[in-house]
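Got the structure open in your viewer? Keep the selection box handy, and we'll go from stop to stop.

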Amino acid sequence: MVGGRKSTDLQPPVLIKVLSAGAAGCVADLVTFPLDTAKVRLQIQGESKALVRGQKATYRGVFGTIFTIISSEGVRGLYTGLIAGLHRQMSFASVRVGLYDTMKDFYSGGSEDASIGIRLLAGCTTGAMAVAVAQPTDVVKIRFQAQGCKPRGSAGARYNGTMEAYRTIARVEGVRGLWKGCLPNIARNSIVNCCEMVTYDIIKERLLRSKLMTDNMPCHFTAAFAAGFCTTVVASPVDVIKTRYMNSPPGQYSGSIRCALTMLLKEGPTAFYKGFLASFLRLGSWNVVMFMSYEQIKRGMTRVHKSMGSLR
């Protein structure tokens, strides 16, 4: 259904889905990146001993965080790490979104009425595949977003450019450093992909089958918004752990489980939902922009492909 099988359009080739998904992910990142930066800053807040002892928090709320970043770093501070973010979407969204229908068809044997279990399996598979490809870009993006909240010259402010960041991490922490937090990220993105893709897939399918909506932008908006909300509720704890662990200096945590236990003991259960509103605003708006862009870009590329084929 994400691929538009029951749409009036013909099923587009896999390459068009992959390219459309990567482009749509970049559009969504350009629109929602400030919210993502605010989310990361709120999630890592609490790591310092000073804050744990009760000193005043630097960031308060989504919009307060955005205002603080603009005041101290300028508007550019909201887009720190954008290049790595776009690298991530081109490699990440293209796999997890663009190959979802292909994996669903593979597991269902080409059936047009795949079960929820098949859809979940397809979502887990493409989510894990995407992390395996795009993990270094995610590490660099989060390091950039986090380093702006630390003083210049400190251990946190260590990268001056995206390519330098890739080289520095590989040199200082080894190639493994570029895949730091890969396991929690696989867990997080398997969950996220299942929630996003399956929720979007099912709601869109139900809306079309019940004839409440046609395969157009209002339908895509409704399904995407629901997918964003469900995803935020389920994935926030894993997302916070992933962000903390990937941003940590070498040796701070022995693993993602240790990171989770440290958070629980020092900050309590609410630490796992730090930046929840920012996450929802970001994921909700990201899903809306991404899926609506994806459907339109895919449809446009399919028409161009057909036109070129008819000219041959």
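Select K211 to begin: it is in the loop between α9 (182-209) and α10, where helices (H or I, at least four residues) and strands (E, at least two) are DSSP runs, numbered from the N terminus. K211 is no glycine, yet it has a positive phi of about 65 degrees. Is K211 buried or exposed? At 73% relative accessibility it counts as exposed; buried means under 20% relative accessible area, exposed over 50%, and partly exposed in between (1.4 Å probe, protein chains only).

A word on the ground rules. This is a predicted model, in which local features need pLDDT of at least 70 and side-chain atom pairs count only at pLDDT 80 or more, while totals for chains, interfaces and linings use all residues. Residues are numbered from 1 along each chain as its sequence is written, and side-chain values use heavy atoms, with hydrogens and water left out.

Now zoom out and colour by secondary structure. You should find twelve helices and zero strands in the chain. Of its 312 residues, 54% are buried. Take the contacts (heavy atoms within 4.5 Å) between residues at least 6 apart in sequence: 78% of them join residues at least 24 apart.

**Along α10**

Next, select residues 217-247, which is helix α10. A straight helix of 31 residues would span 45 Å at 1.5 Å a residue, the expected span being 1.5 Å times one less than the number of residues. Put a distance label between the end C-alpha atoms of α10 and you get only 37 Å. Where does α10 bend? Go to A235: the bend there is about 60 degrees, taken as the angle between axes fitted to the seven residues ending there and the seven starting there. A proline, P237, follows within four residues. Show the surroundings too: 22 of the 31 residues of α10 are buried, so this helix is largely enclosed by the rest of the structure.

Stay at A235 and pick up one of its contacts, V192. V192 lies in helix α9 and, at 2% relative accessibility, counts as buried. Beyond four places in sequence, V192 touches T231 and A235. Try another pair from here: V192 and C124 are 68 residues apart in sequence, with their C-alpha atoms 8.6 Å apart in space.

P237 leads to the following stop, F272, since the two residues appear together in a contact list. 

**F272 and its surroundings**

Select F272, in the loop between α11 (256-267) and α12 (276-311). F272 is buried, its relative accessible area being 13%. Leaving out residues up to four places away in sequence, F272 touches S236, P237, V240, I241, A260, M263 and L264. Add D239 to the selection: its C-alpha atom is 8.3 Å from that of F272, with the two positions 33 residues apart along the chain.

**Where α4 meets α7**

Two packed helices are described by the angle between their axes and the distance between the axes. Select helix α4 (residues 82-96) and helix α7 (residues 162-173), which pack at an angle of about 75 degrees with their axes 9 Å apart. Axes here are lines fitted to C-alpha atoms, for helices over the stretch in contact, and angles run from 0 to 180 degrees between N-to-C directions. The two helices are therefore roughly perpendicular to each other (under 35 degrees is roughly parallel, over 145 roughly antiparallel, 65 to 115 roughly perpendicular and the rest oblique). Show side chains where I83, A84 and H87 in α4 meet T162, M163 and Y166 in α7.

Keep α7 on screen. Its twelve residues reach 16 Å from first C-alpha to last, close to the 16 Å expected. Which residues of α7 are buried? They are T162, A165, Y166, T168 and I169. Just after α7, click on G174, which takes a positive phi of about 80 degrees.

**Last stop: G77 and T65**

Select G77, in the loop between α3 and α4. G77 is buried, with a relative accessible area of 4%. Neighbours within four places aside, it is in contact with T37, R41 and I69. Then hop to T65 in helix α3 (residues 62-73), which is buried with a relative accessible area of 0%. T65 touches A38, R41, L42, Y59 and R60, not counting residues up to four places away.
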